[in-house]
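Open the model in your viewer and keep the sequence panel beside it. The stops below each begin with a selection and then say what is there.

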Amino acid sequence: MAKKRKRSEAAQAVVPPKKDDVVPERPARTLLGWKDKNVVNQDDEVNENGHSPVFRNKEKVLVTCSRRIIYRYRHLMLNVVSLLPHCKKDNKVESKETKGATLNELVELKNCSSCLFFECRKAKDLFLWMSKCPNGPSVKFLVSAVHTMEELKLTGNHLKASRPLLTFSTNFEKDAHWKLLKEMLLQIFETPKDHRKSKPFHDHVFVFSIVDDHIWFRNYQISVPHNESDKLPRGGLDKMTLVEVGPRFCLNPIKIFGGSFGGPTLYENPFYVSPNQIRALEKRKKAGKFAKKVKAKTRRKMHEMANPLEPDEFADMWKD
């Protein structure tokens, strides 16, 4: 039989070391997975001033509209919201003289840096305010030639919330105000890299072109064949095609202001004619047509009085 171990020997047995009662700190979670605390990336390096040397785009755009907007312009605004995953949509704002202060406050509450405000007047005219908040600059456009996605029914189709490529015509480099507009369009319509709502794919392109001092917007899908036999090599652009998706609209710049929704005027379009003046001219033309008819009738009466007809000798033949 085996001998029993004495109490002294049992006391001298090796006791396993106790584990620490402190729970290890959970690693930080990022868009690309769990982040190891020991691994230091370039994005985490902080200089002496406390700022990261790598720039990270945190652009957020507030998209809203005025009250009494018609359905076509509201659908256009919703199409723009669907194209910008980094935007935030808000309730309608009353279109008054104090709308600038109201919108600046909304942008600050929503933690945004830019604003797109669709302002509808007289249920006919659409104006687009594009502003960098809270210090400016801001631009006021007249929107025309509006065609929404539902109206066009085009065959193009791209992934929602994917990052677009932005292309600009060479006319944007000829004048200072076009360069400013290009920079504002680039900052507002460009989806930030690694945004939480965006997808890391480039399958559509935004085209901004200047024709007759107007900015024309188009959205195209980049169509690539997916068959194994027709698979494109890297850089093979000859077989890629562009299919339009929509929406379409035209921007006519009116004024560029130094502040957000106001301030000193940096540029004013000398060729801009307001829609009210165009409608007044059309009314005058119609009024001119009526005045011509009245004058023609008066001339006809004067001619008949000046040249009376000779009495007909056979006029009273059948009266007896």
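Start at the second largest cavity, which holds about 30 Å³ of space. This is a predicted model. To display the walls of the second largest cavity, select Ser82, Leu83, His158, Leu159, Lys160, Ala161, Ser162 and His204. By class, this lining has three nonpolar residues, four polar and one charged.

**Alanine 161**

Keep one of those lining residues, Ala161, selected. Alanine 161 sits in the loop that runs between helix H4 (149-152) and strand S8 (165-168). Its phi is positive, about 70°, although the residue is not a glycine. Most residues other than glycine have a negative phi. Is alanine 161 buried or exposed? Alanine 161 counts as buried, because its relative accessibility is 13% and the limit for buried is under 20%.

**Alanine 123**

Now go to alanine 123, in the loop between S5 and S6. Here too phi is positive in a residue other than glycine, with a value near 55°. Alanine 123 has a relative accessible area of 46%, so it is partly exposed.

**The largest cavity**

How many cavities of 30 Å³ or more does a search of the whole structure find? The search finds two. The largest cavity has a volume of about 50 Å³. Select Leu76, Val80, Leu116, Phe118, Leu128, Val143, Phe189 and Phe249 to show its lining. Colour helix H2 (71-83) and strand S5 (114-121) as well, since each supplies at least two residues of that lining. All eight lining residues of the largest cavity are nonpolar, with no polar and no charged residue among them.

**The second largest pocket**

Next, select Lys58, Glu59, Lys60, His195 and Arg196, the lining residues nearest the centre of the second largest pocket. The full lining of this pocket has 15 residues, and the space inside is about 280 Å³. Which classes make up the lining of the second largest pocket? It has nine charged residues, three polar and three nonpolar.

**Lysine 92**

Move to lysine 92, in the loop between strand S4 (87-89) and helix H3 (99-109). Lysine 92 counts as partly exposed, with a relative accessibility of 37%. Add Thr64, Cys65, Ser66, Arg67 and Ile69 to the selection: leaving aside neighbours within four places in sequence, these are the residues in contact with lysine 92. For a distance to check in the viewer, take the C-alpha atoms of lysine 92 and arginine 67, which are 5.6 Å apart in space and 25 residues apart in sequence.

**The cysteines**

Select the cysteines and show their sulfur atoms. How many disulfides does the structure hold? It holds zero. Cysteine 112 shows why: its sulfur is 8.2 Å from the closest cysteine sulfur, in cysteine 115, and that is too far for a bond. The cut-off for a disulfide is a pair of cysteine sulfur atoms within 2.5 Å. Cysteine 120 is in no disulfide either, as the nearest cysteine sulfur, in cysteine 65, lies 9.1 Å away. Cysteine 120 counts as buried at 8% relative accessibility, and cysteine 112 counts as buried at 12%.

**Two cis peptide bonds**

Most peptide bonds are trans. To see a cis bond, select cysteine 133 and proline 134, which are joined by one with omega about 0°. Proline 134 has its place in the loop between strand S6 (125-132) and strand S7 (138-147). Then select glycine 246 and proline 247, where the peptide bond from the glycine to the proline is cis, with omega near 0°. Proline 247 is in the loop between strand S11 (241-244) and strand S12 (248-259).

**The whole chain**

Finish by zooming out and switching to a cartoon view. The protein chain contains 13 strands and six helices. It has 320 residues, of which 32% count as buried. Among contacts in the chain with a separation of 6 or more, 66% are between residues 24 or more positions apart. Switch to a surface view for the last stop: the accessible surface of the protein chain is about 23100 Å², and carbon and sulfur atoms account for 53% of that surface.

Methods: Residues are numbered from 1 along each chain as its sequence is written. This is a predicted model: local features need pLDDT of at least 70, side-chain atom pairs count only at pLDDT 80 or more; totals for chains, interfaces and linings use all residues. Side-chain values use heavy atoms; hydrogens and water are left out. Buried means under 20% relative accessible area, exposed over 50%, partly exposed in between (1.4 Å probe, protein chains only). On a 1 Å grid over the protein atoms alone, a cavity is a set of points where a 1.4 Å probe fits but cannot get out, and a pocket is an open set with protein on both sides within 12 Å along at least five of seven lines; lining residues have an atom within 4 Å of a point. Grid points are joined across faces, edges and corners, and a volume is the space filled by probe spheres set on the points. Ala, Val, Leu, Ile, Met, Phe, Trp, Tyr, Cys and Pro count as nonpolar, Asp, Glu, Lys and Arg as charged, and the others, Gly among them, as polar. Helices (H or I, at least four residues) and strands (E, at least two) are DSSP runs, numbered from the N terminus. Contact means heavy atoms within 4.5 Å. Accessible areas come from the Shrake-Rupley method with a 1.4 Å probe; for residues, only the protein chains shown count as cover.
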